[in-house]
Amino acid sequence: MDRRRGTRYNVNALILCGLVFFVIVATIFCMVANGREAAREEQRIAAEQQAAAEKAAAEKKAQEEAEAALEARKKSDSVQPGVPVGTTEAPEGEKVVYLTFDDGPSKNTQRVLDILAEYDAKATFFITGQQPEYFSMIKTAYDAGHTIGLHSYIHEYDQVYASVDAYFKDLEKIGELAKEQIGFVPCYIRFPGGASNTVSRKYTEGIMTELTEKVLEKGYQYYDWNISSGDGSKATKEEIIKQSETDEYDHVMILFHDAATKDTTVEALPDILKYYQDKGYEFRGIDRESLIFHHQTNN
C-alpha cells in the first residue's frame with residue numbers, strides 16, 4: 001500500500017514537473033515571440049519615421065528650389081539698368097511664336113488664359129490700368145507662367161505722348177501696378193501704337209526717337225511685332241485668323257488685344273494656336289533672351 005502510494009506520488013511529481021517545464025518553455029517561447037514582434041514593430045515605426053523625415057526633407061528642398069526659381073525668374077524679368085535685354089539674332093533650328101496681348105487685363109483675360117492652358121501655350125501680357133476690377137488677373141497670368149510686360153496706365157495718346165516726362169510718369173505708374181501684383185517692375189514694354197506710330201507727332205515732335213533710346217538706358221526693352229492680328233480695330237473672327245497665320249517666319253511675334261471689347265480675338269485664338277501647333281511651332285512668353293522685334297521709328 002505504501003509502495004503504491006509512493007509510486008503515485010512519483011507519477012504526480014513527474015506530471016507536475018512536466019507541466020512546470022511546459023509552462024516555462026511556453027513562457028520563454030511567448031517572450032521570444034513577443035520580443036520579435038516588438039522588434040518588428042520598432043523597426044516598422046523607425047522606418048515610417050525615416051520615410052516621413054525623408055519626405056519632409058524632400059518637400060522642403062522642393063519648396064526651397066521653387067522659391068529660388070521664382071526669385072531668379074523675378075530678377076531676370078525685372079528692370080536692371082545696365083543689363084542688356086533680348087537678342088537681335090534669331091537662333092537657328094527653332095520655330096517660335098510669341099503671342100502678345102495688349103490693353104488688358106479685362107473680362108476677356110481669363111478666357112484667353114483658359115485657351116492658352118488647353119494648348120500648353122505661354123504668352124506675354126502688356127498690361128494697362130484701365131480696369132481696376134481685373135488687376136488681380138495680372139498675378140493670375142504670371143503665376144500660370146506667362147510674362148507680364150508694361151503697356152501704359154491710362155492709354156490716352158494725348159497724355160502719354162504729351163512729353164518725354166509724361167511718358168515716363170505713366171510708365172512708372174503702370175510699373176508700380178505690376179509691382180503691387182507680382183512683386184517687381186518688368187523690363188519688357190510696348191509703346192502704345194508701337195515704336196513706329198505717327199500719332200505721337202500730333203503731341204510731341206520726335207518723341208518716339210527719343211523714347212526708344214531712353215527706355216533702353218533705363219533698363220527696359222521695347223517690343224513691336226512682325227504680325228498683326230488686325231484686332232486693334234473692328235475685325236471678325238475669320239479676319240483675325242487670316243491675318244494671324246503665316247509660315248513666312250520661323251520667329252513670329254503676333255499683336256493681339258485682350259481688352260473687354262475683343263471677343264472675336266478670344267473666338268479666333270483656338271484656330272490660330274492649332275495652326276501653329278500643327279506646323280511645329282513652340283509658344284513662348286518673352287524673356288530676357290528672346291528675339292527683339294523693333295519697328296522703324298517714324299517720329
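This is a tour of selections to make in the structure above, which is a predicted model.

**Helix H1**

Begin with helix H1, residues 2-77. Select Leu 16, Val 20, Ile 24, Ile 28 and Val 32: these residues make a nonpolar patch on the surface, and their accessible area together is about 420 Å². Ile 24, one of the patch residues, belongs to H1. Its relative accessible area is 44%, so Ile 24 counts as partly exposed.

Next select Glu 64, Glu 65, Glu 67 and Glu 71. What kind of charge does this surface patch carry? The charge is negative. Glu 64 is part of helix H1 and is partly exposed, with a relative accessible area of 44%.

Stay on H1 and show the side chains of Arg 73 and Asp 77. They form a salt bridge, 4.0 Å from N to O. The two residues are four apart in helix H1, which means that about one helical turn separates them. Asp 77 is buried, at 7% relative accessible area, whereas Arg 73 is partly exposed, at 25%.

**From strand S1 to the loop after it**

Select Asp 103, which is placed in strand S1. Its phi is near 80°, a positive value in a residue other than glycine. Is Asp 103 buried or exposed? It counts as buried, with 15% relative accessibility.

Now select Gly 104 and Pro 105. The peptide bond joining them is cis, with omega about 0°. Pro 105 sits in the loop between strand S1 (96-104) and helix H2 (109-118). Both selections are worth a look because most residues other than glycine have a negative phi, and most peptide bonds are trans.

**Another positive phi**

Go to His 155, in the loop between strand S3 (147-152) and helix H4 (157-160). Phi of His 155 is near 60°, again positive in a residue other than glycine. His 155 counts as buried at 17% relative accessibility.

**Across the sequence**

Select Ser 136 in helix H3, residues 136-143. Ser 136 is partly exposed, at 44% relative accessibility. Add Glu 180 to the selection: the two residues are 44 apart in sequence, and their C-alpha atoms are 9.7 Å apart in space.

**Two sides of helix H7**

Select helix H7, residues 237-244, and pick out its buried residues: Ile 240, Ile 241 and Ser 244. They lie on the same side of H7 because they cover an arc of only 100° around the axis. Turn to the other side of H7 to find Glu 238 and Lys 242, which are exposed.

**More salt bridges**

How many salt bridges does the structure hold? There are eleven, among them the pair already seen in H1, Asp 77 and Arg 73.

For another, select Glu 94 and Arg 284, whose closest N and O atoms are 3.1 Å apart in a salt bridge. This pair links distant parts of the chain, 190 residues apart: Glu 94 is in the loop between H1 and S1, and Arg 284 is in the segment after strand S8 (282-283). Arg 284 counts as partly exposed, at 25% relative accessibility.

Finish in helix H8, residues 263-278, with Lys 274 and Asp 278, four residues or about one turn of the helix apart. Their salt bridge has its closest N and O atoms 2.8 Å apart. Lys 274 is partly exposed, at 44% relative accessibility, and Asp 278 is exposed, at 54%. As a last selection, take Glu 94, Glu 282 and Arg 284, which salt bridges with shared partners join into one network.

Technical notes. Residues are numbered from 1 along each chain as its sequence is written. This is a predicted model: local features need pLDDT of at least 70, side-chain atom pairs count only at pLDDT 80 or more; totals for chains, interfaces and linings use all residues. Side-chain values use heavy atoms; hydrogens and water are left out. Patches are made of residues with over 30% relative accessible area and no salt bridge: like charges are joined within 9 Å, nonpolar side chains (Val, Leu, Ile, Met, Phe, Trp, Tyr) within 5 Å. Accessible areas come from the Shrake-Rupley method with a 1.4 Å probe; for residues, only the protein chains shown count as cover. Lys and Arg count as positive and Asp and Glu as negative; His and the chain ends are not counted. The place of a charge is taken as NZ of Lys, CZ of Arg, CG of Asp or CD of Glu. Buried means under 20% relative accessible area, exposed over 50%, partly exposed in between (1.4 Å probe, protein chains only). The arc is that of the directions from the helix axis to the C-beta atoms.
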